[in-house]
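Work through the exercises below with the model open beside you. Try each task before you read its solution.

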Amino acid sequence: MTREERVAAAGEIGTGEMKSVEVGSELILLANVEGKLYAVSDVCTHEECTLSDGGILEGAEVECECHGARFDVTNGEVTQEPAEDPLKTYDVTVNGDDVLVSLD
């Protein structure tokens, strides 16, 4: 069953910025790409480093500080190895001032 969780305020994450949030046992990276919010797992699929801890958001790509793997935050796909597996993605809804993430 899918549920929505409030994870941030709409104005909290500026364009080109990202923020890590924890929902239950899941670490989620929120990223603002050109005014639209996206949510992906905050854990790199290569060596399980936290992407928000020293990672860099450039356009729609986040780079992991540990080994340089890059991911497209709009769809979770790997754009640069050494990672091979995509990031888990989450649906994001903005309702008034609330940023909601859909969880399974």
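**Exercise 1. The four-stranded sheet**

Task: In this predicted model, find the open sheet of 4 strands, and state its strand order and its edges.

Solution.
- Step 1. Read off the order: the sheet runs β2-β3-β4-β9. Its pairing is antiparallel.
- Step 2. Find the edges. They are β2 (18–23) and β9 (89–90). Each has a single partner strand, so one side of each lacks a neighbour in the sheet.
- Step 3. Look at one pair inside the sheet. β3 and β4 are joined by 6 bridges, in the antiparallel sense.
- Step 4. Pick out one bridge. L29 has V40 in β4 as its bridge partner.

**Exercise 2. The three-stranded sheet**

Task: Which strands form the open sheet of 3 strands, and in what order?

Solution.
- Step 1. Trace the order: β1-β11-β10. Here the pairing is antiparallel.
- Step 2. Name the edge strands. They are β1 (3–9) and β10 (92–95), and each pairs on one side only.
- Step 3. Check the twist. On average, neighbouring strands of this sheet are turned by 35° against each other, with direction ignored.
- Step 4. Zoom in on one pair. β10 and β11 (residues 98–103) pair over 4 bridges, in the antiparallel sense. V94 is matched with V99 in β11.

**Exercise 3. The nonpolar cores**

Task: Find the largest nonpolar core, and say which residues have the most contacts inside it.

Solution.
- Step 1. Recall a general point. Nonpolar side chains tend to be buried together in soluble globular proteins.
- Step 2. Take the size. The largest nonpolar core has 16 residues.
- Step 3. List the residues with the most contacts inside this core: C44, L51, V62, F71 and V73.
- Step 4. Ask which elements give two or more residues. They are β3 (26–33) and β4 (36–41). The largest share of this core, 3 residues, comes from β3.
- Step 5. Look for a second group. Another core, of 13 residues, lies apart from the largest one. V21, I28, A39 and Y90 are among its members.

**Exercise 4. The disulfide**

Task: Which cysteines form a disulfide, and what is its handedness?

Solution.
- Step 1. Recall the bond type. A disulfide is a covalent bond between the sulfur atoms of two cysteines.
- Step 2. Search the whole structure. The search finds 1 disulfide.
- Step 3. Name the pair. C49 and C66 form the disulfide, with their sulfur atoms 2.0 Å apart.
- Step 4. Use the torsion. About the S-S bond of C49 and C66 it is about -110°, so the disulfide is left-handed.
- Step 5. Place the two ends. C49 sits in the loop between β4 and β5 (56–58). C66 sits in the loop between β6 (61–63) and β7 (70–72). The pair is 17 residues apart and links distant parts of the chain.
- Step 6. Compare exposure. C49 is buried, because its relative accessible area is 15% and the cut-off is under 20%. C66 is partly exposed, at 40%.

**Exercise 5. A cysteine pair without a bond**

Task: Why is there no bond between the sulfur atoms of C44 and C64?

Solution.
- Step 1. Take the distance. The cysteine sulfur closest to that of C44 is in C64, 4.0 Å away.
- Step 2. Apply the cut-off. A disulfide needs sulfur atoms within 2.5 Å. The C44 and C64 sulfurs are therefore too far apart for a bond.
- Step 3. Check burial. C44 is buried, at 2% relative accessible area. C64 is also buried, at 2% relative accessibility.
- Step 4. List the surroundings of C44. Leaving aside neighbours within four places in sequence, C44 is in contact with C49, L51, C64, A69, F71 and L87.

How values were computed
Residues numbered from 1 in each chain as written. Predicted model: local features only at pLDDT ≥ 70, side-chain atom pairs only at ≥ 80, totals over all residues. Heavy atoms only, no water. Pairing = 2+ DSSP bridges. Axes fitted to C-alpha atoms, helices over the stretch in contact; angles between N-to-C directions. Core = buried A, V, L, I, M, F, W, Y, C linked by side-chain atoms within 4.5 Å. Buried < 20%, exposed > 50% of the residue type's maximum accessible area, 1.4 Å probe, protein only. Contact = heavy atoms within 4.5 Å.
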